[in-house]
Amino acid sequence: MKNIFIIGEQRSGSNLLRLILSKHSTIAAPHPPHILTRFMPLLPLYGDLHKAENFCLLIEDVCTLVERNPVSWNLKFDRKVVEKACKENSLMAIFDVVMNVYVQEQKKEHWICKSLKNVEFAKELETFYQNPIYIYLHRDPRDVVLSFKKAVVGEKHPYFSATHWTNLQLKCLELKKTIPLNRFFEISYQQLTQEPEKYVPQMCRFLGINYSEDMLLFYQQQEAKKAAAASSLWENLKKPILKENTQKYKNELPNKEILIVEKIAQKELKELGYQSMFSNQEIEEFAFSEKDIESFSLLNIKEKKQVRAQAQKEDLERRTHQLQVLENVRKRILPKHKCL
C-alpha cells in the first residue's frame, strides 16, 4: 500500500488534485479532517498514551472528528477494531488505521491524505512509514492571498496570508532537499489547471499507476458533487477544470497588497519560478512598521468577521459541529474509562 501526502497551502487546487487522483481505480482520497494538525498540539492533554484509558479516549475523539467531517466519509468506526489494529499507542497509529479503514471501504489499494500542513510532521511521517510519498502542490501566493480573502477559512489580510504561505513553502522546500526524487513530486496549480493532459500522466508515472483520461472527468463522481455541495469553498469541483483561473490578482488585488505579498515571499517566489510584479529595488525599499502590522491585524479580524457573516449557515454549522470535538478536549478533565 502506498501512503501519499499532498503538501502545500490551502486555496492551491488541492481538492481538485485529490478528486482527480481519487477517480483512479486504485486510489482512495477522502476529504481531510486534519487529524494530525488538530490533535498533535492536544496530545499533552491525554497524558500517557501507554495507559489504555488515555489511548482509548484519543481513539474516541479522533473517530468522532472524522465522523463529523464537513464532507462525510460515510463511515462509523468501531473503536475496538481501531484499537486492535493500531500497531502502537500513538496518534500516528490511529491516523494510519483510520486511513486504512477508508481504503478498505472504498475497495482500493492506496490512500492519499490531503491535509496540507502534514508537512509540519514530516519527521513523524518518515519515522512511522516506510518510504511515504509526497506531492508538493504550490500556487502563486498572490492568487492564494486573493482566494483567502473570499474564503470562509484562513487569514484575510495579505500580510498574514502571505506569511502563512511563505512558512509552509519553506517547510516543503526544506523537505524536498532531504527526500529522494522517487518520493517527492512537485507540481504547480498552473501546470495542473492549464496542462492537465501533460502533468497528470507524469504524476501517475511517478506514483506507479496507469493514467486514464477518465481521471480528468473527476467532476462527474459523487465525491466531487458532495464536496461542492458542502461549502462555497469547493463549488468549482462540480465543473471541469477552469484553465484560466490564474493571475486574477492582477485585476483584483490593489498594488499595495501585491507589494506586501512580494515583500514577504520574495525569496520563495523566485525559487518557485513566479515573477514579481515590482522591481527588486521597489521591494527592498518597501517596509512596514510594528504600528502598520497592528493595523493589519485589526483589518484582518474585521474582514474575517465580515466573511463569516456572509458565509452559508449550513457550512458554518458543519464546521462548528466538527470543531466542537476539539473544544471539548480542551475543556475536560482527563477521565478514566475503557474503550467504547
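At what angle do helix α7 (residues 141-150) and helix α8 (residues 158-178) pack, and how far apart are their axes? In this predicted model, the two helices pack at an angle of about 125 degrees, and their axes lie 9 Å apart. Angles over 145 degrees count as roughly antiparallel and those from 65 to 115 as roughly perpendicular, with the rest counted as oblique, and α7 and α8 are therefore oblique to each other. Their crossing is right-handed. On the α7 side the contact is made by P141, V144, V145, F148 and K149, which meet P158, S161, A162 and W165 of α8; by class, these residues divide into 7 nonpolar, 1 polar and 1 charged.

The largest nonpolar core has 100 residues, and those with the most contacts inside it are F39, I135 and L207. Helix α5 (residues 91-106) gives the most to this core, contributing 11 residues. Leaving aside residues up to four places away in sequence, I135 touches I4, F5, I6, I7, L17, L21, F185, I187, M203 and L207. Another core, of 15 residues, lies apart from the largest one and includes V145, Y249, L259 and V261.

Most residues other than glycine have a negative phi. Two residues with a positive phi are set out below.

| Residue | Phi | Loop | Relative accessibility |
|---|---|---|---|
| H34 | about 60 degrees | between β2 (27-28) and α2 (35-39) | 21%, partly exposed |
| K107 | near 60 degrees | between α5 and β3 (110-113) | 72%, exposed |

Because exposed means over 50% relative accessible area, with partly exposed lying between 20% and that value, H34 at 21% counts as partly exposed, whereas K107 at 72% counts as exposed.

Definitions and conventions. Residues are numbered from 1 along each chain as its sequence is written. This is a predicted model: local features need pLDDT of at least 70, side-chain atom pairs count only at pLDDT 80 or more; totals for chains, interfaces and linings use all residues. Side-chain values use heavy atoms; hydrogens and water are left out. Axes are lines fitted to C-alpha atoms, for helices over the stretch in contact, and angles run from 0 to 180 degrees between N-to-C directions. Helices (H or I, at least four residues) and strands (E, at least two) are DSSP runs, numbered from the N terminus. Angles under 35 degrees count as roughly parallel, over 145 as roughly antiparallel, 65 to 115 as roughly perpendicular and the rest as oblique. A crossing is left-handed if the near helix is turned anticlockwise from the far one by less than a right angle, and right-handed if clockwise. Contact means heavy atoms within 4.5 Å. Ala, Val, Leu, Ile, Met, Phe, Trp, Tyr, Cys and Pro count as nonpolar, Asp, Glu, Lys and Arg as charged, and the others, Gly among them, as polar. A nonpolar core is a set of buried Ala, Val, Leu, Ile, Met, Phe, Trp, Tyr and Cys residues joined through side-chain atoms within 4.5 Å. Buried means under 20% relative accessible area, exposed over 50%, partly exposed in between (1.4 Å probe, protein chains only).
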